[in-house]
2 protein chains.
Amino acid sequence: MSFDVTKTCRHSSARAAMLLTPHGAVPTPAFAPVGTQATVKTLTPDELSSLGATIVLSNTYHLYLRPGIEVIEALGGLHRFMGWPRPLLTDSGGYQVFSLAHLRRVSDDGVLFRSHIDGSEHFLTPELCIQLQQTIGADIIMALDECPAYGDDRDAVEQAMKRTHLWAERCRNTHHGESQDLYGIVQGGVFTELRRDSARALASMGFDGYAIGGLSLGEPKEMTNAIVEETVARLPEDRPRYLMGVGSPEDLFEGVSRGIDLFDSALPTRIARNGGLFTRRGRVIIKNACFKDRDEPIDHWCDCYTCQTFSAAYLHHLFKCEELLAYRLATVHNLRFVLRLMDEMRAHINQGTFPSFKESFLADYEPASEDIRRAQKDKWLKARDRKFKQAL
Amino acid sequence: MSFDVTKTCRHSSARAAMLLTPHGAVPTPAFAPVGTQATVKTLTPDELSSLGATIVLSNTYHLYLRPGIEVIEALGGLHRFMGWPRPLLTDSGGYQVFSLAHLRRVSDDGVLFRSHIDGSEHFLTPELCIQLQQTIGADIIMALDECPAYGDDRDAVEQAMKRTHLWAERCRNTHHGESQDLYGIVQGGVFTELRRDSARALASMGFDGYAIGGLSLGEPKEMTNAIVEETVARLPEDRPRYLMGVGSPEDLFEGVSRGIDLFDSALPTRIARNGGLFTRRGRVIIKNACFKDRDEPIDHWCDCYTCQTFSAAYLHHLFKCEELLAYRLATVHNLRFVLRLMDEMRAHINQGTFPSFKESFLADYEPASEDIRRAQKDKWLKARDRKFKQAL
């Protein structure tokens with residue numbers, strides 16, 4: 001495993017680097033599509049590769065509950081189980097336990113939670129978290145963190161941060177071997193001082209890479225950007241920096257220009273399945289009547305299979321009919337859009353033209369408003385919670 | 001358009017032929033996957049080709065209601081709309097109007113029905129049916145028929161048959177041009193004498209091909225086979241024979257050995273989405289616990305992407321999680337299974353070894369029992385009706 005910065009931007013903190021893993025190279029800045037349950041929804045591994053994905057994220061929490069770690073172990077590890085031979089990253093389950101599971105009790109020892117699927121009780125410790133991820137076998141694994149909600153008060157956030165540091169240390173002590181990199185996760189909510197403390201504390205422990213967790217949870221974008229900036233400034237320059245849960249085109253530009261190397265987010269694939277498609281001018285809603293007979297691709301600029309093959313009218317029709325192909329073609333489009341954007345950002349960093357590329361992209365691209373984003377997220381969260389309640 | 005029988009079996013009525021259309025060749029016997037709403041559920045046109053599909057069926061009734069024929073016309077016809085440049089077949093809508101729509105009134109003039117989607121009223125005549133199909137632009141189009149249910153009494157079936165003949169004649173008179181073949185549909189339920197009358201009546205009108213409709217609707221298999229045999233014997237030898245709605249492996253063998261050239265059925269794709277997967281030994285239910293950690297493909301014999309790439313355990317996991325990729329991988333498998341079976345049947349007919357191939361396949365293959373088939377069909381029909389009721 002190695003990480004080499006090959007180029008830094010002269011007018012921003014953007015940088016291009018090469019992250020090497022036992023399963024291949026990840027040129028950064030990179031975006032990791034989310035394959036929560038050992039599948040990036042609707043897509044095959046072959047398609048993911050051809051879309052330009054170099055690394056995929058999966059979720060320890062979900063895999064632990066279903067199919068169960070023993071099944072993945074029996075099937076030869078996650079790479080083989082899901083048919084993805086390239087770099088994999090697993091998150092620790094911290095975020096899911098605190099946002100998805102029914103929490104029972106958190107202490108410095110660990111966290112007792114009930115499964116969102118069947119209500120069964122489980123106790124997750126930092127040590128178990130690392131053991132699970134070692135068995136799953138991803139190239140990059142994450143320390144267990146406590147992720148407070150946006151809006152929690154400073155004392156609660158500070159307590160969660162301190163516990164995150166305690167757990168990070170225990171994760172680091174449990175982790176062994178050379179085949180997996182372990183990243184620590186900076187917490188501290190929207191409190192600049194806590195973020196600085198957290199970055200410094202984790203950096204002093206010496207991780208293979210550093211993630212910034214607990215952002216993009218509803219706070220204003222200016223706040224996200226400011227926190228990222230403060231945090232990055234206190235992380236070692238020679239290690240990868242990973243901004244968790246960020247994946248809209250405009251946010252990727254902001255992260256990259258602040259020195260982030262790696263991103264993951266379910267946003268591009270989730271909004272795709274809801275008919276929200278990226279174009280160079282912004283997000284469009286394909287179900288809108290204006291697309292009913294539009295004899296053009298979603299986005300003329302796009303080189304994806306969907307845009308090269310089908311009209312917007314056809315996609316509109318598939319969405320109206322709730323045809324399964326709709327979700328797949330939309331996912332192909334949005335992922336290709338984001339992955340190609342990352343390719344272009346890397347190329348522009350290497351050519352020394354990143355700031356003008358960013359400026360010209362953002363001049364054309366109208367981001368979804370905060371209101372729309374919040375409304376869509378609420379709708380999705382409600383649908384998800386409804387589904388989970390039905391399951392219990 | 002042409003149809004040339006290249007080889008006939010000496011020990012059965014099986015035959016191999018070449019059907020040429022303006023969009024390419026269809027070597028027969030052939031199976032047409034069903035793309036009801038201008039998409040074979042979950043699959044792209046590229047995948048369909050690589051699975052070995054040479055012709056796809058779509059539904060006039062569904063396309064007429066959604067997206068509307070005017071949209072398909074504006075987008076350049078169905079081939080271009082759905083991105084499938086090869087042979088297409090549309091059914092007339094007769095079957096759907098009588099099984100799916102809310103019937104209002106049937107007379108010799110035509111049929112007044114209410115859409116299953118929004119309850120809107122529509123009047124379908126034989127002339128309109130042909131005009132719609134000309135606009136859609138498939139290579140093979142079907143005459144409007146009245147399709148009685150299994151269990152209707154002989155008088156009702158005879159009346160529907162007579163109306164089908166009347167409509168067939170009007171369809172033939174409306175149909176013009178050389179770029180589309182028009183097939184008549186034999187009706188007559190399970191009454192041998194009516195079937196003979198119907199085959200003779202349609203043959204005397206002179207169609208480009210002949211379909212056998214109104215079978216596989218719940219009658220015992222021996223009855224289906226006997227009716228097919230009686231009907232085929234009265235159809236012209238030099239024209240294609242198309243058995244509608246038949247697509248299980250064992251039924252395809254029975255149809256081919258009785259001289260059928262073309263089949264369509266939603267069965268392989270529909271049961272795939274419900275986790276029913278074909279193997280050389282019979283249908284398996286992938287959700288069953290025995291597959292939880294099975295480190296083998298669904299079927300060792302299968303050369304499909306799913307079987308070449310994933311374990312049964314992975315498919316089991318995807319189905320348990322209701323992941324969209326499950327439905328796609330299962331569809332790939334079942335369609336490849338059936339399309340490859342057709343390839344093999346053609347090869348064996350050409351080599352003169354069809355009867356022994358049939359015998360050896362059926363010796364290993366245990367068909368789903370009538371009870372299971374009926375239970376699964378009832379379950380599916382109920383789910384469909386529930387969905388449509390919600391929509392109205």
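How many residues of chain A are in contact with how many residues of chain B? I began my entries with this count, keeping in mind that the model is predicted, and I noted that 31 residues of chain A are in contact with 30 residues of chain B.

**Entry 1, the interface.** I next looked up which helices of chain A contribute, and I found that α3 (69–74), α4 (78–82), α13 (312–320) and α14 (324–351) each supply at least two residues of the side that touches chain B. Of the elements on that side of chain A, α13(A) gives the most, with 5 residues. Sorted by class, the side of chain A that touches chain B has 16 nonpolar, 7 polar and 8 charged residues.

**Entry 2, the symmetry.** I then checked how the two chains are related, and I noted that a rotation of 180° with 0.0 Å of shift along its axis superposes chain A on chain B, at an RMSD of 0.0 Å. The two copies are thus related as by a two-fold rotation axis. In chain A, the C-alpha nearest this axis belongs to A:Leu324, which lies 3.8 Å from it. I also recorded that the copies meet through the same surface, because 97% of the interface residues of chain A are also interface residues in chain B.

**Entry 3, a helix pair in chain B.** Turning to helix α13 (residues 312–320) and helix α14 (residues 324–351) of chain B, I found that they pack at an angle of about 135°, with their axes 7 Å apart. That angle makes α13(B) oblique to α14(B), and α13(B) passes α14(B) in a left-handed crossing. I listed the residues that make the contact: B:Leu315, B:Leu318 and B:Phe319 come from α13(B), while B:Leu325, B:Ala326, B:Leu329 and B:Ala330 come from α14(B). By class, the residues of this contact divide into 7 nonpolar, no polar and no charged.

**Entry 4, the sheet of chain B.** I traced an open sheet of 8 strands with parallel pairing, in the order β4-β14-β13-β12-β11-β10-β6-β5. Strands β4 (30–32) and β5 (56–59) of chain B stand at the edges with a single partner strand each, so one side of each is left without a neighbour in the sheet. Neighbouring strands of this sheet are turned by 25° against each other on average, direction ignored. Within it, I looked at β13 (residues 241–244) and β14 (residues 262–264) of chain B, which pair in the parallel sense over 3 bridges, and there B:Leu243 has B:Phe263 of β14(B) as its bridge partner. Last, I noted that helix α8 (residues 192–205) of chain B packs on the sheet, touching β11 (181–186) and β12 (209–212), and that the direction of α8 makes about 160° with that of β11(B).

Note on methods. Residues are numbered from 1 along each chain as its sequence is written. Chains are lettered from A and ligands numbered from 1 in the order in which they are written. This is a predicted model: local features need pLDDT of at least 70, side-chain atom pairs count only at pLDDT 80 or more; totals for chains, interfaces and linings use all residues. Axes are lines fitted to C-alpha atoms, for helices over the stretch in contact, and angles run from 0 to 180 degrees between N-to-C directions. Angles under 35 degrees count as roughly parallel, over 145 as roughly antiparallel, 65 to 115 as roughly perpendicular and the rest as oblique. A crossing is left-handed if the near helix is turned anticlockwise from the far one by less than a right angle, and right-handed if clockwise. Two residues are in contact if their C-beta atoms, placed from the backbone, lie within 7 Å. Ala, Val, Leu, Ile, Met, Phe, Trp, Tyr, Cys and Pro count as nonpolar, Asp, Glu, Lys and Arg as charged, and the others, Gly among them, as polar. Copies are superposed by least squares on the C-alpha atoms of residues with pLDDT of at least 70 in both. Two strands pair if DSSP finds at least two bridges between them.
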